[in-house]
Amino acid sequence: MTLQLLALAIFDGVAYAALVFLVAVGLTLTFGVLKVLNIAHGSFYAMGAYITASIGGAIFAAGFSPWLAFPLMLIAGALVGIVVGGPVEKLLLSRIYELEDVLQILVTFAVFLILEDVQRLIWGGQPFFESSALQVLGTVDVFDITYTVYQLILLPMVAISVLVSLRLFLRRTLMGKLILAVTEDREAATSVGINAERVYFVTFVIGASLAAFGGALASATTSVLPGMGADMIVLSFAVVATAGLGRVEGAAVAALLIGLGRSFAVYLWPEIEVLVPYLIMLFVLLIRPEGLFGTTHPRKI
Amino acid sequence: MSLRTFLPAVLVALVAVLPMMAPTTQVLLTLALAKGLPVLGVIVLLHAGQVSFGHALFFGVSAYAAAFLARVYGGGELISMVAVGVLAAVAVGLVVGIFVVRYRHIFFGMLNLAFSMIFFSVLEKFYYLTGGSDGLPVPRPTVAGFDMERAGFETVLFYLTLALCLVAAWATHRFLCSPIGNMMRTIKTNELRLEYLGVSARGVLLVGYLISAVLCGIGGALMAVAQGVVTPEYVWWVRSGEFVFIAILGGSGSVSGAFVGALIYEAVRTYASAFANDIWKMVLGVVLLGVILYAPAGVAGLYAQVMDRCRTRPANKTVDEDQ
């Protein structure tokens, strides 16, 4: 492996990790607060991608500036979070927090199935490809490698700023502190007057928006096609499990680990590329069942 | 015989004679029953409060093992194909099981999914061995050494499947009623107490896991023979999701739910998916939500409810009730 290939693999891995992190962090945040692992999270990712690619394609074809792609991505993320994620939590999840774990998982699985076909009905089965956002930022030369600014600089910057602002939000703002309080002990938080239902709702919408925003960013780099939601939920679960459920910062490390592992596999042993995330997850869980940064909680009798 | 046990017996008899009256239903019923077996495997684990999103793994391992056996010997033998399929499923179940029984809930479900996805990728990538996404053909095997015509073979296969399903249902029922079956349920209610009694919860779950792998194995080999081809689709997560769906639809509380659910599912899918193909997943999702929210015990549970009501209403004249 030459130095150039090494650099290329690292660039690929970092760009990929940034996208996966955005989705995984939403998943882990939602789990940390609601204690429900939302399988429909992958659908939010796919819908963000579909909205950006289809609307973007339409307005750029009408002659609008390709720079509009960036506000469009933010809007797509927020839109999916509020319009799709909001009702899912309010109408459905809010009714199942008392059910046993296995049924909660199945409810989100049912939502996932429904949303899969909703996408198919709205956007059909043909792939969308819309990379104006990628092209408008141009390329940059590093170590004699020409790489897109979008993937090499923008995506990691977005991921880092999401990580930092999420941390500031959770530690410094009132809403963030309420979320942490409910995460720590829902009953105690409720007894001091915190509206746990609202905290759940807000957290879920934030998580769903992050997934959709990740999808919107991903849409510029890849074709948007049916099944991408299923792939992403499995992958982001691998990240979240490797990091330890509910660990926001850990998700960044695990995303980087899995992203780099995968991109190195592409250059070294392409056959096992799709397996790498699972192998990393299995390896980590074999040694640390609670994940890299997870902590074990004593189970109540 | 009470009405409660009489009606299921009628149902079994009906399934047994239906192919004689309507030959077109024979293949459909064979496939539905073969699918009921892995569903039963999922139900076993649901008794321990665990859901696996990757049980198609054992279904597929068994199907491919049967296909490989048939290829190596240039045409196979039905009995040995099913046996080898089950053995392969148990072997993989042991390796995967030792690992996944350490985990619960979503970890358990998703790790199973991860293993099935790994096997799926292997099947797709190593196409020179597995035929890739086209899969492998499974030639019609001999039955106890006899070469059979297609029609005759399908009839034999149907009754063999039916018999295996009845045996599997009975054996699983016995297992769930046995002490170790009750320990499985304790994993769901309070695992720590089980440990305090000196019982290894992981060991108990592993036994249940292996039994579910056996059930998937029987179903997978039968399905491979019935369809005449095995493809990576056997291991695809959609297939695993289907098993879980059928288990919830039929009712995870009892073994009958698996087969009732599988028969309903296959019948609806065959006749309804033609005009609801685009929204099939949506239909599944809505039904799944409806069952979980409004009828958590599934079809079998609804049946039990109706029977309870029938029994309590004519309170004075229940002389013939002997249970």
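## Two helical chains and their contact

In this predicted model, helix α11 of chain A (residues 248-268) has 21 residues and should span 30 Å at 1.5 Å a residue, which agrees with the 30 Å between its end C-alpha atoms; the expected span is 1.5 Å times one less than the number of residues. Helices (H or I, at least four residues) and strands (E, at least two) are DSSP runs, numbered from the N terminus. Residues are numbered from 1 along each chain as its sequence is written, and chains are lettered from A, with ligands numbered from 1, in the order in which they are written. Local features need a pLDDT of at least 70 and side-chain atom pairs count only at pLDDT 80 or more, whereas totals for chains, interfaces and linings use all residues.

The buried residues of α11(A) include G250(A), A254(A), L257(A), I258(A), R262(A) and S263(A), where buried means that 20 or more other C-beta atoms, placed from the backbone, lie within 10 Å of the residue's own (exposed: 12 or fewer; partly exposed: in between). Among the elements that cover these buried residues are α1 (3-34), α6 (149-172), α10 (228-243) and α12 (276-287) of chain A.

A255(A), also buried in α11(A), is one of the residues with the most contacts inside the largest nonpolar core, together with V20(A), F21(A), L106(A), V239(A) and A66(B). This core has 196 residues, and α1(A) gives the most to it, with 16 residues. A nonpolar core is a set of buried Ala, Val, Leu, Ile, Met, Phe, Trp, Tyr and Cys residues joined through C-beta atoms within 7 Å. On the side of chain B, A66(B) is in contact with M81(B), V84(B), G85(B), V138(B), A221(B), A224(B) and V225(B), leaving aside its neighbours within four places in sequence; a contact requires that the C-beta atoms of two residues, placed from the backbone, lie within 7 Å.

The overall descriptors of the chains are set out below.

| Chain | Residues | Secondary structure | Radius of gyration | Buried share |
|---|---|---|---|---|
| A | 301 residues | 12 helices, 2 strands | 19 Å | 47% |
| B | 323 residues | 13 helices, 2 strands | 20 Å | 47% |

For chain A the radius of gyration agrees with the value near 19 Å for a compact globule of 301 residues, and for chain B it agrees with the value near 20 Å for 323 residues; the radius is taken over C-alpha atoms, and the globule rule is 2.2 Å times the number of residues to the power 0.38. Along the principal axes, the C-alpha atoms of chain A fill a box of roughly 60 × 50 × 35 Å, while the C-alpha trace of chain B spans about 70 × 55 × 40 Å. Of the contacts in chain A between residues at least 6 apart in sequence, 78% join residues at least 24 apart.

The contact between the chains takes 32 residues from chain B and 32 residues from chain A. On the side of chain B that touches chain A, the elements giving two or more residues are α5 (105-125), α10 (237-250) and α12 (280-294) of chain B, and α5(B) contributes the largest share, 11 residues. By class, that side has 21 nonpolar, 7 polar and 4 charged residues, with Ala, Val, Leu, Ile, Met, Phe, Trp, Tyr, Cys and Pro counted as nonpolar, Asp, Glu, Lys and Arg as charged, and the others, Gly among them, as polar.

As for confidence, the model scores ipTM 0.81 and pTM 0.82. The mean pLDDT (the predictor's confidence in each residue, from 0 to 100) of chain B is 82, and 95% of its residues reach 70 or more. Over residues 317-323 of chain B, however, the pLDDT is below 50, and this stretch has 5 contacts in the model beyond near neighbours in sequence.
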